[in-house]
Every structure is written in structure tokens, then in C-alpha cells.
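Visitor: I should like to understand how terms of structural description are justified. May we go through some of them together?

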Amino acid sequence: MPYAPIYLDHQASTPIDPRVKAAMTRNEGLYGNPHSTNHLAGIGAARAVETARRQVARAIGGDARRLVFTSGATEANNLAMFGVARASSGRRGIVTVRTEHSSVLEPTQALGEMDFDVQTLPVQSDGLVDLDSVERAVGERTLLVSVMHVNNETGVIQQIPAIAEICQRVGAILHSDCAQSLGRLPLDVRKLGADLLTLSAHKCYGPKGIGALYVGNRARNRVRPLTLGGGQEGGLRPGTLPVPLCIGFGEACRAAARDVHADAERMGRLAEELLESIFAAFPRAQLNGSRRHRAPGAFNVRFPGAGSDELLDAFEGIQASSGSACASTVAEPSPVLLAYGLSPAEADSSLRFCVGRFTTEEEVRSAGDVIRRAARQLSVTSPIGRLARASVG
Ligand code: PMP
């Protein structure tokens, strides 16, 4: 009998929280243009957008006036990278890390093809960037450093406050892609110390198609817009705002700010349970990246001896993935795992899993059953059988 689907790919996207849906439905009638504040329809829409802006800003301990809505994290990352580059007349140095999301790496590569000096730092085998290497790479000529908070394939958390200190010493701007940390970890822009912060609503139980770039005080006047044609969003992101999406994003952030501690505790516990089931069924399986510096709920495991497609087939009903959704059209081993020092074969035998706010204990138990069954099945059909304990199940 086919297993009921168990969604364990919350890094790719999250389901809409019922509170978000209710807020969006409640405000369905707000058809006015939020930038037409000369009549009531526009004013109603503008008020809803400003409430949402405050809710998003509050979730990161920031100032609502510094928040620029975008279409998502991809656009926010592009605005951070190209926007800062466009505004610079002196400094030309750009420093980033090999394990960043493609929406940071590709703009960085494009800037390297212009006349910017790009350095892409390696990471250690635990996925963390070595702070000494940041210290060595960053100097008086550095314009921008971009280091993500939580990695989307492994859940590894970078040491942003320490990197912020290094950047502040030399007057470089620090951008951090926080798409994976919003709602998963308590976020406070003052504690993180980043000047620019990327957020995405659909990674924290909000709608797809909206995100934000937070432009902190030190980065003010150091970012230029990439699209022209209107003065919205402080001139940084012209165009009419999607009011229902803003409302959904705001409510998702309100819920995240309220629930993040309880969610993190629960997701952490469920993920540990799932990991234990995996290690019990596949004794040679290994965690990729740091165990300690890891966001609750997310992990990446390699199963020596099996390919990721074969594993996903065997884990029938479990919806996980072998890498970033944004790179899933590219049939190559994960660049993140290669950067951790894995061989292409090891990277190809790895899967990422991520539980979410609505994952139930029951689902985690069922996933454990599927994994034990898959271990038995693979022991017959694949070299991975050498992994599965004879005693399993
Ligand atoms: N950055 C990270 C770390 C991500 O995980 C993602 C989504 N895969 C993005 C950026 C892109 O987000 P969006 O879908 O909102 O454009």
C-alpha cells in the first residue's frame, strides 16, 4: 500500500499557516493602490501594507522604515549585491562564501566580470567559514561581504555576529541571506550585526512571491535601485506593492515572532528523532556539516553506497530532496557539499531533510517505518545493502 506523503522539504518551501490565510482572506477587499493615498481605497491598502511592514520589522528587531519589500529572497539578494555595487565609487572588493545560494553567487560572479575584485571563501568540513580567513580577506578596500545565516541544504549556521565585527572594523557592508533562519531561529538584526538582511515569506509559512531586504542604518545611502520607474519603497524598489502578499508576509512574521521558540524546540526534537531512525537503519550514514551549529529541524545525511535518486525512490512517500530547489534543474552534485569536502559520489549519495511547524510526531514515526523498510529493500537491490544491519526490522 502506498504511504501517505510526509513533507520533509521545508527548506524548499513551507505550507501557508492558517493564520496567514485568514489574514489574507479578511483583507481581500483591499483593492486600492497602496500608493494612491488621496482616497480611502488607497489609504486602506496603504495602512495594511504599513501594518505588515511593522510586523516583518518586529520579527527581526528592526525599524519598519528600513524594510524594502521585494518579490522574494532572490530579488533581495540581487538588490543587495548589485545595489551596493552600483552605489560604490571607491571600494571594489566583494567577499562571499562558496556555500551561498545561487542568487548571491551568480550576482557575485557577474560583478567579478565587471571591475570588482571578488573573493569566494572556502568553508571547513563542518560547513563553517573560518573567521581567520574572513579577517584575512576583508580590508580597507572591501565594499561588501555576503554570508548567509542558515544554509539551505545543511542547516549549518554561520557566525554572523563575529563576521559583522570584522566588517565593521574596516567599514565594509555585511549582507546576510536570512531566508532560512526567519521563523526557524530567533532573529535580531541588532545582535546579528548585519547591515543588509534578506528575507522570504514562503520559507516561514507565508505566501510565495514576496520577501524583503532590510537596509540597516550603516547601509543607508549605500544601495541603489536596480529597477527604475517610481519612488516606491524609498526609491529602492519601484512598482506597486502586492497588498495581499504583504499582508500574508506580515502575519507570517507576527506568528513567527510569537512561536519561534516553541517551534524551534519542537522541530529540533522531531529532527533528532528522525536522525536516530536513519542512523539505526543505516549505520554507516553520516551527517553532513556541523551538528552543533545547525538550525533546528534541518539536516543533511549521506548514505554511502546509494545514489540520491535511488534513495528518494526507496523512501517512498517521504518528500525530501537531494539539494537546493533552485538548482534542481542542474543534474550536478551539490556545490555546497563539494565545498564541505565531499567527493562528487558522496555528494550524490546525500539527502536533505527538514521538518516544519506542522510536522507531527506521527509523521516522524511513519517516516521512521519508511526508512527501515527502505533499508531492507536496498539491502537486496543495491550495494547500499552492506550498510543496512542484518538485524534491521
Ligand atoms: N536564499 C536562500 C538561502 C534560499 O533557501 C532561497 C530559496 N531556495 C532563496 C534565497 C530564494 O528565495 P525565493 O524563493 O524567495 O526567491
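Guide: The following exchange concerns a predicted model, with the ligand taken up before a pair of helices.

Visitor: What makes Gln180 a polar contact of the ligand?

Guide: A polar contact requires a pair of N or O atoms within 3.5 Å. An oxygen atom of the ligand is 2.7 Å from an N or O atom in the side chain of Gln180, so the pair satisfies the requirement. The side chain of Ser200 likewise has an N or O atom 2.7 Å from a ligand oxygen, and for His202 the value is 2.8 Å. The protein covers 91% of the 400 Å² of accessible area that the ligand has on its own.

Visitor: Which residues surround the ligand most closely, and what is their character?

Guide: The shell has 15 residues, the closest being Thr74, Asp177, Gln180, Ser200 and Lys203. It divides into four nonpolar, nine polar and two charged residues. Helix α3 (residues 73-87) gives the most to this shell, with three residues.

Visitor: How do you describe the packing of α1 and α8?

Guide: Two packed helices are described by the angle and the distance between their axes. The axes of α1 (residues 18-26) and α8 (residues 243-281) come within 8 Å and cross at roughly 145°. The crossing is right-handed. Among the residues in contact are Val20 and Met24 of α1 and Leu245 and Ile247 of α8.

Visitor: Why is Met24 counted as nonpolar in this contact?

Guide: Met belongs to the residue types that count as nonpolar, so Met24 is placed there. The contact comprises eight nonpolar, one polar and four charged residues.

Note on methods: Residues are numbered from 1 along each chain as its sequence is written. This is a predicted model: local features need pLDDT of at least 70, side-chain atom pairs count only at pLDDT 80 or more; totals for chains, interfaces and linings use all residues. Side-chain values use heavy atoms; hydrogens and water are left out. Axes are lines fitted to C-alpha atoms, for helices over the stretch in contact, and angles run from 0 to 180 degrees between N-to-C directions. Helices (H or I, at least four residues) and strands (E, at least two) are DSSP runs, numbered from the N terminus. A crossing is left-handed if the near helix is turned anticlockwise from the far one by less than a right angle, and right-handed if clockwise. Contact means heavy atoms within 4.5 Å. A residue is near a molecule or strand if one of its heavy atoms lies within 4 Å of it. A polar contact is a pair of N or O atoms within 3.5 Å; within protein, one must be able to donate a hydrogen and the other to accept it, and residues adjacent in sequence count only if both atoms are side-chain atoms. Accessible areas come from the Shrake-Rupley method with a 1.4 Å probe; for residues, only the protein chains shown count as cover.
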